[in-house]
Amino acid sequence: MACLLSERVCEGCPMAEVEFVPDEHGGVTVMRDGHPQSHVDVDDPEHLVFEYVQHMAAVLDAVVAVHPMLALQLRHTDDGWSQVAGSPDSRAEVRAVHADISTRSTEFEALIRAEHAAALGKLDPVAGRVIAAVLVSGNDGARVILAIHHLSVDAVSWPVVVEDIITAW
């Protein structure tokens, strides 16, 4: 038997019907407006993490596709450096890290800082890597770290990019 949850998320937002449909193997398929969004195997939480990482990568790829500066690549020429926006080889690096700790602990805060530094370290505009994301989860929640090279986004563009990510999610 499926359970149904319908709720208005924000003023002026359309209502979405979310259904949790159990399968014969003990997993649950999450349906939104009749379309499968993800599958959760309750006996394998790593599968859920994989689903979120895969979904986050698809969302970021969609946002990169409409924001050419998020697909920036620097190239060295005889005349110096040039920027090429919209490089078809640019993709966001997305990964997940889980720690068996509370998200309210100082250890989790240290993990967030370390993963943020690691995400920044992965950025390489010469290689076309200007965006990285990390899903950091603990026992009672998760946080998303989003790192974008400063050549690709400025203070004015950040809110637009974040809004587009939220919309695409």
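Which side chains meet in a salt bridge at 3.2 Å, N to O? They are those of Glu 109 and Arg 113, and we'll come back to that pair after a look at the overall layout.

## The overall layout

First things first: this is a predicted model. The protein has three helices and nine strands. Reading from the N terminus, the elements go β-β-β-β-α-β-β-β-α-β-β-α.

Of the 169 residues, 32% count as buried. Now take the contacts with a separation of 6 or more: residues 24 or more positions apart account for 44% of these.

## Two nonpolar cores

In general terms, nonpolar side chains tend to be buried together in soluble globular proteins. Here, the largest nonpolar core has 17 residues, and Leu 60, Val 94 and Val 161 have the most contacts inside it. Three elements give two or more residues to this core: helix H1 (45–66), strand S8 (131–138) and helix H3 (157–168). H1 gives the most, with six residues.

Val 161 is a handy place to start looking around. Setting aside its neighbours within four places in sequence, Val 161 is in contact with Val 63, Leu 70, Ile 148 and Val 153. Another core, of 11 residues, lies apart from the largest one, and its members include Leu 111, Leu 123, Val 136 and Ile 145.

## Helix H2, side by side

H2 passes a quick geometry check: at 1.5 Å a residue, its 17 residues should span 24 Å, and the end C-alpha atoms are 25 Å apart, which agrees. The buried residues of H2 are Phe 108, Leu 111, Glu 115 and Ala 119. Because these cover an arc of only 70 degrees around the axis, they sit on the same side of H2.

What do the buried residues of H2 pack against? Their partners are S7, S8 and S9. On the face turned away from the buried side, H2 carries the exposed residues Thr 106, Arg 113 and Gly 121.

## Salt bridges

Side chains of opposite charge can pair when their charged atoms come close. A search of the whole structure turns up four salt bridges. Back to the opening pair: Glu 109 and Arg 113 are four residues apart in helix H2, so about one helical turn separates them. Glu 109 is partly exposed, with a relative accessible area of 44%, while Arg 113 is exposed at 58%.

Two other bridges reach across the chain. In one, Glu 115 pairs with Arg 95, and the closest N and O atoms are 2.5 Å apart. That pair links distant parts of the chain, with Glu 115 in helix H2 and Arg 95 in strand S7, 20 residues apart. Glu 115 is buried, with a relative accessible area of 12%, whereas Arg 95 is partly exposed at 23%. In the other, Arg 104 pairs with Asp 140, with the closest N and O atoms 2.5 Å apart. Arg 104 is in the loop between S7 and H2, and Asp 140 is in the loop between S8 and strand S9 (141–148), 36 residues apart. Arg 104 counts as exposed at 69% relative accessibility, and Asp 140 is partly exposed, with a relative accessible area of 35%.

## Thr 103 in its loop

Is Thr 103 buried or exposed? Thr 103 has a relative accessible area of 11%, so it counts as buried. Thr 103 lies in the loop between strand S7 (93–98) and helix H2 (106–122).

Leaving out residues up to four places away in sequence, Thr 103 touches Phe 108, Gly 138, Asp 140, Gly 141, Ala 142 and Arg 143. Two of those names have come up before: Phe 108 is one of the buried residues of H2, and Asp 140 is the salt-bridge partner of Arg 104.

## Gln 73 in strand S5

Gln 73 lies in strand S5 (residues 73–77). Gln 73 is a buried polar side chain worth a click, with a relative accessible area of 16%.

Which backbone oxygen does the side chain of Gln 73 reach? It is the one on Val 126, at 3.1 Å. With residues up to four places away in sequence not counted, Gln 73 touches Ser 82, Gln 83, Val 84, Ser 87, Pro 125, Val 126, Ala 127 and Gly 128.

Notes. Residues numbered from 1 in each chain as written. Predicted model: local features only at pLDDT ≥ 70, side-chain atom pairs only at ≥ 80, totals over all residues. Heavy atoms only, no water. Buried < 20%, exposed > 50% of the residue type's maximum accessible area, 1.4 Å probe, protein only. Contact = heavy atoms within 4.5 Å. Core = buried A, V, L, I, M, F, W, Y, C linked by side-chain atoms within 4.5 Å. Polar contact = N/O pair within 3.5 Å; in protein donor to acceptor, adjacent residues only side chain to side chain. Expected span 1.5 Å × (residues − 1). Arc of directions from axis to C-beta.
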